Amino acid sequence: MVDVFDVIVVGGGIVGCAVIWEMTSYGYKCLLLEKNENLVSEASSGNSGMLHTGFDAVADTLELQCIQHTFPKMFGVLEGFGLPYNKTGATMVAWTQEQAQIIPTIAQRCRAAGVSFCTEISLSELYSREPGLRKQAQGALWIPGETVVDPWLTAISLAHDAKKKGAMIKTNAVVQNISRTECERQRIQVMTSLGQFTGRVVINCGGLYGDIVDKLAGLQHFRIFPKKGQYAIYPQKVGHHINSSILPIPTSKGKGEIIFKTVYGNVVVGPTFEDSASRARPESDAGTIRRLVRLGESCVPGLEGCPIVNTYTGVRPATETKDYHIDSYPESCWITVGGIRSTGLSGSLGIADNVRRLVLHQHALEPSGPRRTGLERMDIKFVPPCHARIDDVLYTVTHPITLNGVWKSRDSRL
Ligand SMILES: Cc1cc2nc3c(=O)[nH]c(=O)nc-3n(C[C@H](O)[C@H](O)[C@H](O)COP(=O)(O)OP(=O)(O)OC[C@H]3O[C@@H](n4cnc5c(N)ncnc54)[C@H](O)[C@@H]3O)c2cc1C
């Protein structure tokens with residue numbers, strides 16, 4: 001007899017990990033297929049590790065809805081699993097008079113997004129909060145709530161908990177083909193490098209490769225245009241120079257280059273926003289890193305003369321249209337979650353909640369098992385040079401924030 005999964009998730013980035021966790025918790029029998037040797041190896045292994053409040057998201061969008069669903073729920077998850085986080089808040093700083101004039105508009109947009117706690121602050125309040133900033137600011141906005149997490153541990157813990165609750169996770173499993181001939185009886189065949197699997201609904205969480213995975217099912221609604229982001233990482237010993245994430249005034253390209261402190265205390269400058277010829281993670285380029293270092297030093301003079309300890313690059317799965325595609329095709333036993341460009345970590349649990357509702361209501365698929373909610377504290381030990389043991393399962397750490405925070409530049413406690 002063929003083993004039939006209720007749900008097959010393609011892709012083990014933050015989105016796939018959140019989706020399999022949600023679906024398994026609700027009693028669906030789930031399988032996750034990931035083409036790489038390790039989960040969290042593509043877009044999700046090169047982000048800033050920020051849990052955003054949605055202060056700059058456009059009002060009435062799916063993206064904002066997903067972020068606002070995730071934000072309170074994620075703290076329950078982080079607390080329940082015992083994962084590190086730091087609610088540093090963010091400070092948006094105007095360095096010119098021209099930029100300062102935009103701050104009221106941004107504050108207004110914050111309120112329209114329902115993030116009404118953003119407040120304009122005086123320069124004296126700015127410098128009492130952030131004494132390490134260059135003394136030439138012209139205006140500032142305080143955004144409480146913005147939080148830094150360990151982006152690798154957050155994603156892996158969701159997948160790990162799903163597995164504990166009965167999900168099957170297969171890595172080195174490249175999805176190569178799809179057969180929809182039996183979709184009428186809610187059966188879809190997924191051919192992979194590890195063999196064939198049968199499910200009732202497939203959720204494409206292919207991230208950077210989402211358009212290619214969609215094509216396997218004969219669908220083509222968007223194309224991915226990779227956008228890379230580069231970072232410079234400072235050691236933890238300069239962490240005391242900032243207290244919150246220091247944001248520039250945003251541009252049409254997004255949030256801009258941030259100076260922030262990771263959950264492990266490293267100061268990081270980035271990310272850039274650049275077109276990328278490849279979906280694979282490119283190396284950093286020396287000229288851009290020098291520019292990021294100059295930016296960090298010009299805003300935070302205490303960074304001057306401190307050598308960076310590392311650099312990294314991430315690649316965003318951007319599309320030409322909107323930021324969040326969560327589309328359901330019941331006739332094809334298929335749901336696409338694609339083009340989650342800039343806020344996949346911050347919107348992950350909201351995306352998963354939307355997917356579960358689509359499975360239940362549009363695909364009319366009830367869970368085949370009982371609900372398995374409940375969050376148990378995880379026993380997490382980092383094992384040099386690049387592993388973490390979670391409840392006796394060994395995982396390879398793939399995110400530079402974790403790698404640099406735990407090992408490469410530690411100068412104090414864990
Ligand atoms: C520079 C940068 C900074 C960012 N900062 C933040 C931030 O601070 N906060 C925030 O919320 N978001 C941030 N983001 C956005 C966030 O990282 C992304 O939205 C998120 O990683 C997208 O996750 P994903 O799971 O959709 O994609 P991915 O991580 O790309 O995962 C998709 C997975 O699918 C797998 N896959 C693809 N094809 C196949 C196949 N055929 N068979 C099997 N598996 C397959 C891939 O191997 C991959 O593991 C940032 C992104 C970047 C690049």
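Mentor: Before we look at this predicted model, one term has to be fixed: a residue is called buried when its relative accessible area is under 20%, and exposed when that value is over 50%.

Trainee: With that in hand, what makes strand β5 count as mostly covered?

Mentor: Strand β5 runs over residues 90-94, and 5 of its 5 residues are buried, so each of them falls under the 20% cut-off. The cover reaches both faces, with Ala90, Met92 and Ala94 buried on one side and Thr91 and Val93 buried on the other. That division fits the general pattern, in which the side chains of a regular strand alternate between the two faces of the sheet.

Trainee: How do you know which strands β5 pairs with, and in which sense does each pair run?

Mentor: Two strands are said to pair if at least two bridges are found between them. β5 and strand β7, residues 139-143, are joined over 5 bridges in the antiparallel sense, and within that pairing valine 93 stands opposite alanine 140. β5 and strand β14, residues 245-247, pair in the parallel sense over 3 bridges, with threonine 91 opposite isoleucine 246. Both counts, 5 and 3, satisfy the requirement of at least two, and therefore both are pairings.

Trainee: Why are β3 and β4 said to stand at the edges of their sheet?

Mentor: Their sheet is an open one, in which 3 strands follow the order β3-β8-β4 with antiparallel pairing. β3 (50-51) and β4 (85-86) each have a single partner strand, so one side of each is left without a neighbour in the sheet. The link between β3 and strand β8, residues 147-149, is made by 2 bridges, which just meets the rule of at least two; in it leucine 51 has threonine 147 as its bridge partner.

Trainee: What makes a pair of atoms from the protein and the ligand a polar contact, and which residues take part?

Mentor: The pair must consist of N or O atoms within 3.5 Å. Serine 346 offers a side-chain N or O atom 2.7 Å from a ligand oxygen, lysine 35 has a backbone N or O atom 3.1 Å from a ligand nitrogen, and threonine 343 has a backbone N or O atom 3.5 Å from a ligand oxygen, so that each of these pairs satisfies the limit. The ligand taken alone exposes 1000 Å², of which the protein buries 97%. The elements giving two or more residues to the shell around the ligand are α1 (14-25), β13 (224-233), β18 (310-319) and α9 (344-362). That shell has 41 residues, the closest being Glu34, Ser44, Met50, Ile340 and Ser346, and divides into 18 nonpolar, 18 polar and 5 charged.

Trainee: Why does alanine 57 count as buried?

Mentor: Alanine 57 has 7% relative accessibility, which lies under the 20% limit, and it is therefore buried. Alanine 57 is found in the loop between β3 and α2 (62-81).

Trainee: How do you know whether the radius of gyration of the protein agrees or disagrees with that of a compact globule?

Mentor: For 414 residues a compact globule would have a radius near 22 Å, and the protein has 21 Å, so the two agree. The C-alpha trace spans about 70 × 45 × 40 Å along its principal axes, and 57% of the 414 residues count as buried. The secondary structure comes to 10 helices and 23 strands.

Key. Residues are numbered from 1 along each chain as its sequence is written. This is a predicted model: local features need pLDDT of at least 70, side-chain atom pairs count only at pLDDT 80 or more; totals for chains, interfaces and linings use all residues. Side-chain values use heavy atoms; hydrogens and water are left out. Buried means under 20% relative accessible area, exposed over 50%, partly exposed in between (1.4 Å probe, protein chains only). Helices (H or I, at least four residues) and strands (E, at least two) are DSSP runs, numbered from the N terminus. A residue is near a molecule or strand if one of its heavy atoms lies within 4 Å of it. A polar contact is a pair of N or O atoms within 3.5 Å; within protein, one must be able to donate a hydrogen and the other to accept it, and residues adjacent in sequence count only if both atoms are side-chain atoms. Accessible areas come from the Shrake-Rupley method with a 1.4 Å probe; for residues, only the protein chains shown count as cover. Ala, Val, Leu, Ile, Met, Phe, Trp, Tyr, Cys and Pro count as nonpolar, Asp, Glu, Lys and Arg as charged, and the others, Gly among them, as polar. The radius of gyration is taken over C-alpha atoms; the globule rule is 2.2 Å times the number of residues to the power 0.38.
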